[in-house]
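Student: I have a structure to read and would like to ask about its strands. Please show it to me.

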Amino acid sequence: MIHCSVCGFVPVPENELPVTLPEDVTFDQPGNPLEHHPTWKYVSCPQCNGSALKETDTLDTFFETSWYFIRFCSPHALVPFDLEQANKWLPVDQYIGGIEHAILHLLYARFFTRALQGSYPLAVAEPFQALFTQGMVCQRRYQDAQGNWLYAQEVGQDAEGQPIKLVDRTPVRVGRSEKMSKSKRNLVGVSEILQAYGADVVRLFLLSDSPPEKDLEWTESGIEGSWKYMHRIWRFEFTNLLEDQDPQGEGELWALREAFEILAQLCAPAMSHFAEELWFHLGHPPYLHRVPWPVPDPQLTATEEACTMVVQVNGKRRGQLRVPRAWTTEQIEQAVRTQPCIQPLLETHPVKKIVTVPQRIVNVVI
């Protein structure tokens, strides 16, 4: 905007947008550096051509990010947003963000949505239907003897395994693990990690190390483990279920191939590039992301009507019992009492109690 003493607030002409900032600003005095610039703010009014001033203040990023979800409903509209499209698509089904969003961005977004109803008949009062608060990525922090924060790569170990500052081998104090912060330098260089391991390994580690709602501890051993797992797949060691199998005959080869194809599909959300490469080497045309998600066959996952339960006496295995899955605890206990491995013991020892873990273990305490 432009401030004119005659015309008031006047928009900058569209052919002069975007407004570019000067590159020769100085920060040698407090306050807004644009306000102190000798020439940048002085302009002519687009309406009366009189002397005027450019607006020197800028909008906080929260202003624009507090209504972007409304704009996304009609991204090509020539107005801020198309009300019909906004009412069609809103509210957002799922909002995902860190804990700081719940007290900052989420608060502003809810305020904007309600404030806009004063001028636009939005059909929703709440912009989001559900909130999921993701965990933070954390790492230990380090300080030297003078209390200066150190990056992890600046820290090593002496002969006794104690942390030291690599540049001068002075002792280093190791702090607790907490949210990554620029000020405390407990950050990970993303470009270096991507260069060393690739984006797929980083995503796999972030998604598999901790539940999404819990904080994640960034460790070199953790990302190294994800890297090794990906290479196990690449070398066909597959998973613990399949790596020891020696397929015999056409039927088993078909089943093993199907398993690899499903594995490639299941890898895709976390390791998209790697999964595409697997899909290509399995002889399929591009692209894997166009292939439907695997659908389980209920007949293959159906459980047997009976199950085998381990029979124990005072915690020691005595045998096993085959029983229908539908049996109650009382029916199982009655069957256990008649077992040849149990009945002689019960003739001389009273039963204190019988502990049953459904479909797994029956432990007779005497």
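Student: In this predicted model, what stands opposite His3 in E4?

Tutor: Leu53 does. The model is predicted, with local features needing pLDDT of at least 70, side-chain atom pairs counting only at pLDDT 80 or more, and totals for chains, interfaces and linings using all residues. Residues are numbered from 1 along each chain as its sequence is written, and side-chain values use heavy atoms, without hydrogens and water.

Student: What makes E1 a strand?

Tutor: A strand is a DSSP run of E with at least two residues, numbered from the N terminus. E1 covers residues 2–4 and E4 covers residues 51–54, so both fit that rule.

Student: How do you know that E1 and E4 pair?

Tutor: Two strands pair if DSSP finds at least two bridges between them. Three bridges join E1 to E4, so the two strands pair. They run antiparallel.

Student: What joins E3 to E4?

Tutor: Three bridges do, and these strands are antiparallel. Val43 has Ala52 as its bridge partner in E4. The hairpin of E3 and E4 has six residues between the strands, and Asn49 there takes a positive phi near 65°.

Student: How many bridges does E13 form with E14, and how many with E16?

Tutor: E13 (residues 306–313) pairs with E14 (residues 316–324) over eight bridges, in the antiparallel sense. Thr308 has Arg322 as its partner in E14. Two residues lie between E13 and E14 in their hairpin, where Asn314 in the turn has a positive phi of about 50°. With E16 (residues 361–365), E13 runs parallel and has four bridges; Val311 is partnered by Val362 there.
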